[in-house]
Amino acid sequence: MLEDLKLQVMNVAKRAQAEGLCKHKSGNFSQRDPETGLVVITPSGVDREALAVDDMVVCDAGARVVESAHGLRPTSELLMHLKAYEVRPDVVAIAHTHSTYATTFAVLGRPIPAVVYEHSYLGCAQGVVPVAPYGRPGTQALADSIAAPATENDTFLLRSHGAVALDETDIAGAYLKACYLEEVAEIYYLALTAAGGAEPESLPAEELEKWAYPEQIKLS
């Protein structure tokens, strides 16, 4: 069932481990099938290096496991994923990472401003990556905490926890946003450090919306 989606989710989960956005068994990934509404999600407690396609778990919108070939449980963050899909019907994929710099700002409860133009890829309504209120991992409280930021933003932080990226296309798109988020967070951290804690100048949301491919470039 949904074998292509399982493969895509597994590959991104492995890539996140290899590239350091998730370490050990932290973080989780999912993709929703628009036709059935079913969600393919990473399992709980499995080393990503050992992940196989059949380890992916399929769930419905009611958090019921529909398929788990090896009897594995879905990640304990399933409720958070389902809440994001509920408030954002356009979203089909979610990447939840514990990347170092983004999580540092999540611990501080500090939103990340647009200090570089790459921020425009993050899909933030106000031009700033917001922080969702704290919710204990794996609880309905955590799921509820993301409802507001997920409604208006494709990327946001989880207070004292990690980062989330949403995408309307596929899990690769969600992971790309997670990568950009970590890059922007690192640059912001380094800028703060270099300036002795002084806030760097940031780009306003309206500036981020102005980018367009240069019309002077002629394609043959």
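**Exercise 1. Contacts along the chain**

Find what share of the contacts between residues at least 6 apart in sequence joins residues at least 24 apart.

Solution. The model is a predicted one. Step one is to take the contacts in the protein between residues at least 6 apart in sequence. Step two is to pick out those that join residues at least 24 apart, and these make up 66%.

**Exercise 2. Overall form**

Decide whether the radius of gyration agrees or disagrees with that of a compact globule.

Solution. Start with the chain length, which is 220 residues. For that length, a compact globule would have a radius of gyration near 17 Å. The protein has 18 Å, which agrees. For the outer dimensions, take the principal axes: along them, the C-alpha atoms fill a box of roughly 50 × 50 × 30 Å. The secondary structure consists of 7 helices and 10 strands.

**Exercise 3. Surface and interior**

State what percentage of the residues counts as buried, and what percentage of the accessible surface belongs to carbon and sulfur atoms.

Solution. A residue is buried when its relative accessible area is under 20%. Of the 220 residues, 46% meet this condition. The accessible surface comes to about 10,600 Å². Carbon and sulfur atoms hold 53% of that surface.

**Exercise 4. A residue in strand β6**

Determine whether Ile 112 is buried or exposed, and list its contacts beyond four places in sequence.

Solution. First locate Ile 112: it is in strand β6, residues 112-113. Its relative accessible area is 0%, so Ile 112 is buried. Next, leave aside the neighbours within four places in sequence. Ile 112 is then in contact with Phe 105, His 119, Val 128, Val 129, Leu 157, Leu 181, Val 184, Ala 185 and Tyr 188. Asp 54, by contrast, lies 37 Å from Ile 112, C-alpha to C-alpha, with the two positions 58 residues apart in sequence.

**Exercise 5. Two exposed residues**

For Pro 34 and Ala 148, give the element or loop, the exposure, and the distance to a given partner: Glu 77 for Pro 34, Val 87 for Ala 148.

Solution. Pro 34 sits in the loop between β1 (28-32) and β2 (39-41). With a relative accessible area of 59%, Pro 34 is exposed. Pro 34 and Glu 77 are 43 residues apart along the chain, and their C-alpha atoms are separated by 20 Å.

Ala 148 belongs to helix α5, residues 147-152. Ala 148 counts as exposed at 57% relative accessibility. Ala 148 and Val 87 are 61 residues apart along the chain, with 8.5 Å between their C-alpha atoms.

**Exercise 6. Positive phi**

Work out where Leu 2 and Ala 63 are found, and what phi each has.

Solution. The general expectation comes first: most residues other than glycine have a negative phi. Leu 2 is not a glycine, yet its phi is positive, about 55°. Leu 2 lies in the segment before α1 (3-18) and is partly exposed, with a relative accessible area of 22%. Ala 63 also has a positive phi without being a glycine, at about 70°. Ala 63 is in the loop between β3 (57-59) and β4 (65-67), and at 31% relative accessibility it counts as partly exposed.

**Exercise 7. The largest pocket**

Give the volume of the largest pocket and the make-up of its lining.

Solution. The volume is about 190 Å³. The lining has 15 residues, and those closest to the pocket centre are Lys 25, Gly 27, Asn 28, Pro 43 and Thr 75. By class, the lining holds 3 nonpolar, 9 polar and 3 charged residues.

**Exercise 8. The second largest pocket and α2**

Identify which element gives the most residues to the lining of the second largest pocket, then say how many residues of that element are buried.

Solution. The second largest pocket holds about 160 Å³ of space. Its lining includes Arg 32, Gly 37, Leu 79, Leu 82, Tyr 85 and Gln 140. Two or more lining residues come from each of α2 (78-87) and α4 (140-145). α2 gives the most, with 5 residues. The classes are 6 nonpolar, 2 polar and 3 charged.

Now turn to burial in α2. The buried residues are Leu 78, Met 80, His 81, Leu 82, Lys 83, Ala 84 and Tyr 85. That is 7 of the 10 residues of α2, so α2 is largely enclosed by the rest of the structure.

How values were computed: Residues are numbered from 1 along each chain as its sequence is written. This is a predicted model: local features need pLDDT of at least 70, side-chain atom pairs count only at pLDDT 80 or more; totals for chains, interfaces and linings use all residues. Side-chain values use heavy atoms; hydrogens and water are left out. On a 1 Å grid over the protein atoms alone, a cavity is a set of points where a 1.4 Å probe fits but cannot get out, and a pocket is an open set with protein on both sides within 12 Å along at least five of seven lines; lining residues have an atom within 4 Å of a point. Grid points are joined across faces, edges and corners, and a volume is the space filled by probe spheres set on the points. Ala, Val, Leu, Ile, Met, Phe, Trp, Tyr, Cys and Pro count as nonpolar, Asp, Glu, Lys and Arg as charged, and the others, Gly among them, as polar. Helices (H or I, at least four residues) and strands (E, at least two) are DSSP runs, numbered from the N terminus. The radius of gyration is taken over C-alpha atoms; the globule rule is 2.2 Å times the number of residues to the power 0.38. Buried means under 20% relative accessible area, exposed over 50%, partly exposed in between (1.4 Å probe, protein chains only). Contact means heavy atoms within 4.5 Å. Accessible areas come from the Shrake-Rupley method with a 1.4 Å probe; for residues, only the protein chains shown count as cover.
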